[in-house]
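Work through these exercises with the structure open beside you. Try each task before you read its solution.

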Amino acid sequence: MASTLLLALVFVIDLIAFGLAVAAEQRRSTATVGNNGKESYCVYDKDIATGLGVGSFLFLLLGQILIMVASRCLCCGKAMKPSGSRAWAVVLFITCWVFFLIAEVCLLAGSVRNAYHTKYKNLLDNPPSCATLRKGVFGAGAAFIFLTAVVSELYYVSYSKAARDEKPNNYGRDTGVRMGNL
């Protein structure tokens, strides 16, 4: 029951992070060249995508923290016996962290780059180059958020199954081969 509730909570948190990243991609800053007669300058629109990207970053971080605390980060709990579930848990653990780090880098870099506005003014006839975030950075972050969400859910299910398989063997009174006659 508690693991199902945790999985549902992490799913909702990752869904919010995904939605914020998609919204950030759609609302990234654009720039136009303004001219007051003597000089050209860059005019940027509202900068809401940076806040959406940072919010997505924080929600994804929260989801990852919850999964890692619940599973004791796979390495801080007691050792699990070798099984297929443990092997899958290890593979999914590594994959989850790789996808998480890529998503966080995309979101952080996108937010920082989107917040950067050039103050460049051009006194010559050439228009200034107004720096903006490339299309697709927040989209890549959203894609890796989705992959992180799927893999982290699978990781926690594999980890839970491997932890459930840790029941001690109960031999009762019969210990196996009798060697009392030797």
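**Exercise 1. A buried pair**

Find out whether Glu25 and Arg28 are buried or exposed, and state what links them.

*Solution.* This is a predicted model.
Step 1: check accessibility. Glu25 and Arg28 are both buried.
Step 2: check the distance. The closest N and O atoms of Glu25 and Arg28 are 3.5 Å apart.
Step 3: apply the cut-off. A salt bridge needs a side-chain nitrogen of Lys or Arg within 4 Å of a carboxyl oxygen of Asp or Glu. Glu25 and Arg28 therefore form a salt bridge.
Step 4: count. By this rule the total is one salt bridge.

**Exercise 2. The overall layout**

State how many helices and strands the protein chain has, and in which order they run.

*Solution.* Step 1: count the elements. There are four helices and three strands.
Step 2: read from the N terminus. The order is α-β-β-α-α-β-α.
Step 3: look at burial. The protein chain has 182 residues, and 36% of them count as buried.
Step 4: look at contacts. Take those between residues at least 6 apart in sequence. Of these, 82% join residues at least 24 apart.

**Exercise 3. Helix 1 against helix 4**

Work out how helix 1 and helix 4 are oriented to each other, and describe their contact.

*Solution.* Step 1: locate the helices. Helix 1 covers residues 2-26, and helix 4 covers residues 137-164.
Step 2: take the geometry. Their axes are 8 Å apart, at an angle of about 170°.
Step 3: classify. Angles over 145 degrees count as roughly antiparallel, so helix 1 is roughly antiparallel to helix 4.
Step 4: list some partners. Helix 1 contributes residues including Leu7, Phe11, Asp14 and Phe18. Helix 4 contributes residues including Ile145, Phe146, Ala149 and Ser152.
Step 5: sort by class. The contact has 17 nonpolar, three polar and three charged residues.

**Exercise 4. A charged residue in helix 1**

Decide whether Asp14 is buried or exposed, and find what it touches.

*Solution.* Step 1: place the residue. Asp14 lies in helix 1.
Step 2: compare with the cut-off. Buried means under 20% relative accessible area. Asp14 has 5% relative accessibility, so Asp14 counts as buried.
Step 3: name the contacts, leaving aside neighbours within four places in sequence. Asp14 is in contact with Leu60, Gly63, Ile145, Ala149 and Ser152.

**Exercise 5. Helix 2 against helix 3**

Classify the packing of helix 2 and helix 3, and give the handedness of their crossing.

*Solution.* Step 1: take the geometry. Helix 2 (residues 48-70) and helix 3 (residues 84-115) have axes that come within 8 Å and cross at roughly 160°.
Step 2: classify. The two helices are therefore roughly antiparallel.
Step 3: add the hand. The crossing of helix 2 and helix 3 is left-handed.
Step 4: list some partners. Among them are Phe57, Leu60 and Leu61 of helix 2, with Phe100, Leu107 and Leu108 of helix 3.
Step 5: sort by class. This contact of helix 2 with helix 3 has 14 nonpolar, six polar and one charged residues.

**Exercise 6. A partner for helix 2**

Find which residues Leu66 touches, and how accessible Leu66 is.

*Solution.* Step 1: place the residue. Leu66 is in helix 2.
Step 2: check accessibility. At 25%, Leu66 counts as partly exposed.
Step 3: name the contacts, not counting residues up to four places away in sequence. Leu66 touches Leu6, Leu9, Val10 and Ile13.
Step 4: compare sequence with space. Leu66 and Leu9 are 57 residues apart in sequence, and their C-alpha atoms are 9.0 Å apart.

Notes. Residues are numbered from 1 along each chain as its sequence is written. This is a predicted model: local features need pLDDT of at least 70, side-chain atom pairs count only at pLDDT 80 or more; totals for chains, interfaces and linings use all residues. Side-chain values use heavy atoms; hydrogens and water are left out. Axes are lines fitted to C-alpha atoms, for helices over the stretch in contact, and angles run from 0 to 180 degrees between N-to-C directions. Angles under 35 degrees count as roughly parallel, over 145 as roughly antiparallel, 65 to 115 as roughly perpendicular and the rest as oblique. A crossing is left-handed if the near helix is turned anticlockwise from the far one by less than a right angle, and right-handed if clockwise. Contact means heavy atoms within 4.5 Å. Ala, Val, Leu, Ile, Met, Phe, Trp, Tyr, Cys and Pro count as nonpolar, Asp, Glu, Lys and Arg as charged, and the others, Gly among them, as polar. Buried means under 20% relative accessible area, exposed over 50%, partly exposed in between (1.4 Å probe, protein chains only).
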